[in-house]
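Work through the exercises below with the model open. Each task is followed by a solution in steps.

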Amino acid sequence: MTRGEGACLICGQPIQYFEKAQEMECVICHQKFMSHASCEEGHYVCDECHASKGVEIILQGCLNSTSRNPVLMMQELMENPYIYMHGPEHHILVGAALLTAYHNSGGEIEIEKALEEMKSRGSEYPGGSCGLWGCCGAAVSTGMFMSIITKATPLTGKSWRLSNQMTSRALKAIADLGGPRCCKRNSFTAAKEAAEFVKENFQIEMELPEKIECEFSSENQQCLKAHCPYFKVGRSL
């Protein structure tokens, strides 16, 4: 499985979505799942098979990074062929890059344990939830990040509030840009909001690019092009 234009990892055809979940067999691991999506040729790849190789790359890349810039870190990792244009690996990528940049900016966390926890939590959040649940996984990943650094649980006070505020802030910024979904656009937006939120609440300043430019628009069949704030000027419309 390598990345290319189109959404299906098997044949490259577009993904189609169903209003009601159907039982499907993953063409890679052959386990059966209830899913709202397959490609137009009927291929279905489960979230774990879709993300597994990419998640390994994300964790290793973050552990080796000295960057304080979560957006640049994500952009570098996104160049890897196993970080697909869209997919549940972004639910881990956003939080992992934020944890790493936070740590490298002076945040006091055990980075290896924090990244493993991010992997565990992010892996539980299903692909396609942006449309099916009305809550993008990139935004939820910022809430997971905040929960990890503040040690939030359902029974805590301030940390619980901060974690939910973080998710809601990222989600609003993502929603304001409109659909259809783009995992790259949503990830950049969520990370930018999180870095600003951390500065405001913890006085820890991560770095952000002066201008975020996306290099992946040619891979996104639903790209908003000039209507996306990260669309690179000069690319063909």
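**Exercise 1. Cysteines**

Explain why C49 forms no bond to the closest cysteine sulfur.

Solution. Step 1: find the partner. The closest cysteine sulfur to that of C49 is in C46, 3.6 Å away. Step 2: apply the cut-off. A disulfide is a pair of cysteine sulfur atoms within 2.5 Å, so 3.6 Å is too far for a bond. Step 3: widen the search. The whole structure has 0 disulfides. Step 4: check burial (buried is under 20% relative accessible area, exposed over 50%, partly exposed in between, with a 1.4 Å probe and protein chains only). C46 is buried because its relative accessibility is 3%. C49, at 15%, is buried too.

This is a predicted model: local features need pLDDT of at least 70, side-chain atom pairs count only at pLDDT 80 or more, and totals for chains, interfaces and linings use all residues. Residues are numbered from 1 along each chain as its sequence is written, and side-chain values use heavy atoms, with hydrogens and water left out.

**Exercise 2. Cores**

Find the largest nonpolar core and its best-connected residues.

Solution. Step 1: define the set. A nonpolar core joins buried Ala, Val, Leu, Ile, Met, Phe, Trp, Tyr and Cys residues through side-chain atoms within 4.5 Å. Step 2: count. The largest has 60 residues, and M74, L99, Y102, F145, M146, F188 and M206 have the most contacts inside it. Step 3: assign helices (DSSP runs of H or I, at least four residues; strands are E, at least two; both are numbered from the N terminus). Among the suppliers of at least two residues are α3 (90-104), α6 (137-150) and α8 (183-202). α3 gives the largest share, 9 residues. Step 4: look for a separate set. A second core of 9 residues includes L9, V45, C49 and Y84.

**Exercise 3. Largest pocket**

Describe the lining of the largest pocket.

Solution. Step 1: set the terms. On a 1 Å grid over the protein atoms alone, a pocket is an open set of points with protein on both sides within 12 Å along at least five of seven lines; a 1.4 Å probe fits but cannot get out of a cavity, and lining residues have an atom within 4 Å of a point. Step 2: list the lining. It has 50 residues, with Y17, A37, D47, G127 and G128 nearest the centre. Step 3: find the main contributor. β2 supplies the most, 7 residues.
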